[in-house]
Amino acid sequence: MPLDHPVTVGWLLAGLLLIVLLLLCVTGPARRKIRWVVLFLGLSLTLHLVAKLCPRDGTARLTLELSAIFLLTAALGLGVFLLLTQSHLSRAYLRPLPQIFIDIVHTLVYVIAVLVTLGAAGIKPGELFAGSALLTAIVALSLRDTLGNMFAGLAIQAQRPFEVGDWIQFNQDATQVGQVVEINWRATRVVTPDQVEITLPNGLLAQAPIINYSRAAHGLRRAVSVHIPFEVPPQRAKKIILTALGDIPGILPEPAPTASTSGFDERGVQLSVRFGIADFAQRGKIESAVRDHIWYALNREGISLPVPPRAVQIQKAGTGAAARREKQRIERQEKALRCVE
């Protein structure tokens with residue numbers, strides 16, 4: 001389809017109108033992406049004008065016209081994409097799309113532009129893959145993991161078990177916890193409390209049990225353990241501890257903190273102190289404050305935290321023991337030498 005065809009000229013005018021709409025409706029950082037629409041449309045028009053200077057039946061003219069069609073289709077697709085996802089209308093009436101969907105649709109814009117260009121050249125896209133079952137099988141096997149991660153990412157975005165900013169546990173190991181910072185078409189990036197970035201394939205996340213600590217409706221329950229001496233009544237220690245938790249920032253008043261007797265061991269009576277927090281990211285700081293307040297509160301009441309009893313016996317070895325060890329060493333060496341012919 002040559003570019004001087006009426007339909008193509010109409011599409012050029014549509015592209016100009018689309019740019020005007022984008023300038024009026026798109027604001028913020030997304031406004032910088034409009035320059036790609038302008039660039040593609042300008043290059044398409046330039047190639048169209050240059051093609052007119054080439055011989056009508058020449059290869060150069062055909063190449064320039066097909067390139068112009070590709071750029072024109074890409075400009076229109078990208079412009080419509082920005083208008084539907086980054087404009088005032090899209091923000092007012094549509095839910096923000098996850099980044100993975102934006103990336104996939106962005107890629108499809110260029111795929112459609114290639115298909116339109118092939119159609120303009122008289123090539124049916126289906127003919128390119130006709131009779132290439134072996135090639136298709138090889139490509140499918142080599143892209144199996146990539147496609148699996150992509151569809152797993154789509155499933156994660158559709159179900160939304162977590163979003164960017166959520167704290168999740170992505171393994172049965174309770175230490176495998178991090179904050180989601182990005183979800184793309186292949187993997188999910190998580191930053192641990194130690195500021196270590198972990199890239200998790202979406203296929204792995206789709207099969208793993210996910211615990212989302214940011215979705216708790218009534219806050220998260222955390223617990224710390226403390227030991228008290230056997231001679232201190234547990235009820236007295238519980239009252240002191242719960243009073244000490246009342247002025248710690250970050251602890252929720254509801255559900256109220258609790259203290260329960262969880263066991264007995266060589267150190268004394270073990271108490272489990274449970275409390276609610278709203279911000280999982282502050283759990284370490286709040287738990288540290290809880291332990292500090294418990295220590296100070298018990299210390300003011302004259303209660304010391306018990307330590308495990310240890311019995312250490314020190315026995316001084318005399319010269320006779322050293323002589324016996326030396327004699328045993330020599331006997332072992334002589335026994336080993338007798339085994340050699």
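Good morning. I begin with residues 1-7, where pLDDT (the predictor's confidence in each residue, from 0 to 100) stays under 50. For this stretch the model has 15 contacts beyond four places in sequence, a contact being heavy atoms within 4.5 Å. The protein as a whole averages a pLDDT of 80, and 85% of the residues score at least 70.

A word on conventions. This is a predicted model, in which local features need pLDDT of at least 70 and side-chain atom pairs count only at pLDDT 80 or more, while totals for chains, interfaces and linings use all residues. Residues are numbered from 1 along each chain as its sequence is written, and side-chain values use heavy atoms, with hydrogens and water left out.

Let me turn to the sheet. Helices (H or I, at least four residues) and strands (E, at least two) are DSSP runs numbered from the N terminus, and two strands pair if DSSP finds at least two bridges between them. Five strands form an open sheet in the order S4-S3-S2-S1-S5, and their pairing is antiparallel. Strands S4 (197-201) and S5 (211-212) stand at the edges; each has a single partner strand, so one side of each is left without a neighbour in the sheet.

Within this sheet, S1 (residues 167-169) pairs with S2 (residues 177-183) in the antiparallel sense, over three bridges. Isoleucine 168 has glycine 178 of S2 as its bridge partner, and tryptophan 167 stands opposite glutamine 179, also in S2. The pairing of S2 with S3 is antiparallel too and runs over four bridges. A hairpin of three residues joins S2 to S3, and isoleucine 183 stands opposite threonine 188 in S3.

Threonine 188 deserves a closer look. This residue is found in strand S3 (residues 187-191). Is threonine 188 buried or exposed? Its relative accessibility is 0%, so threonine 188 counts as buried; here buried means under 20% relative accessible area, exposed over 50%, and partly exposed in between, with a 1.4 Å probe and protein chains only. Leaving aside residues up to four places away in sequence, threonine 188 touches nine listed residues' worth of surroundings that include Phe162, Val180, Ile198 and Leu205. The side chains of threonine 188 and asparagine 202 are joined by a polar contact of 2.9 Å. Such a contact is a pair of N or O atoms within 3.5 Å; within protein, one must be able to donate a hydrogen and the other to accept it, and residues adjacent in sequence count only if both atoms are side-chain atoms.

In strand S1, we find glutamine 169. With a relative accessible area of 5%, glutamine 169 is buried. Which side chain does the side chain of glutamine 169 meet in a polar contact? The partner is tyrosine 213, at 2.6 Å. Apart from residues up to four places away in sequence, glutamine 169 touches Ala174, Gln176, Val177, Pro209, Ile210, Ile211 and Tyr213.

I now come to the aromatic rings. A pair of aromatic rings is described by the distance of the centres and the angle of the planes. Rings of Phe, Tyr and Trp (its six-membered ring) pair if their centres lie within 6.5 Å; planes under 30 degrees apart count as stacked, over 60 as edge-to-face and the rest as tilted. By this rule the count comes to five aromatic pairs. In one of them, tryptophan 36 and phenylalanine 40 are tilted, with 6.2 Å from centre to centre and 50° between the planes. These two residues are about one helical turn apart, because they lie four residues from each other in helix H2 (residues 34-52). Tryptophan 36 counts as partly exposed at 43% relative accessibility, whereas phenylalanine 40 counts as buried at 13%.

Another pair, tyrosine 213 with phenylalanine 280, is stacked: the centres are 4.3 Å apart and the planes 5° apart. Tyrosine 213 lies in the loop between S5 and strand S6 (220-228), and phenylalanine 280 lies in the loop between strand S8 (268-277) and helix H11 (283-300), so the pair ties together parts that are 67 residues apart in sequence. Tyrosine 213 is buried, its relative accessible area being 17%, and phenylalanine 280 is buried at 4%. Ring pairs also link Trp36, Phe40 and Tyr110 into a cluster.

Tryptophan 167 has a charge over its face: arginine 283 lies there, 5.3 Å from the ring centre. The criterion is that NZ of Lys or CZ of Arg is within 6 Å of the ring centre and within 35 degrees of the ring normal.

I close with helix H11, which holds serine 288. Serine 288 is partly exposed, with a relative accessible area of 35%. How far apart in space are serine 288 and valine 224? Their C-alpha atoms are 9.4 Å apart, while in sequence the two are separated by 64 residues.
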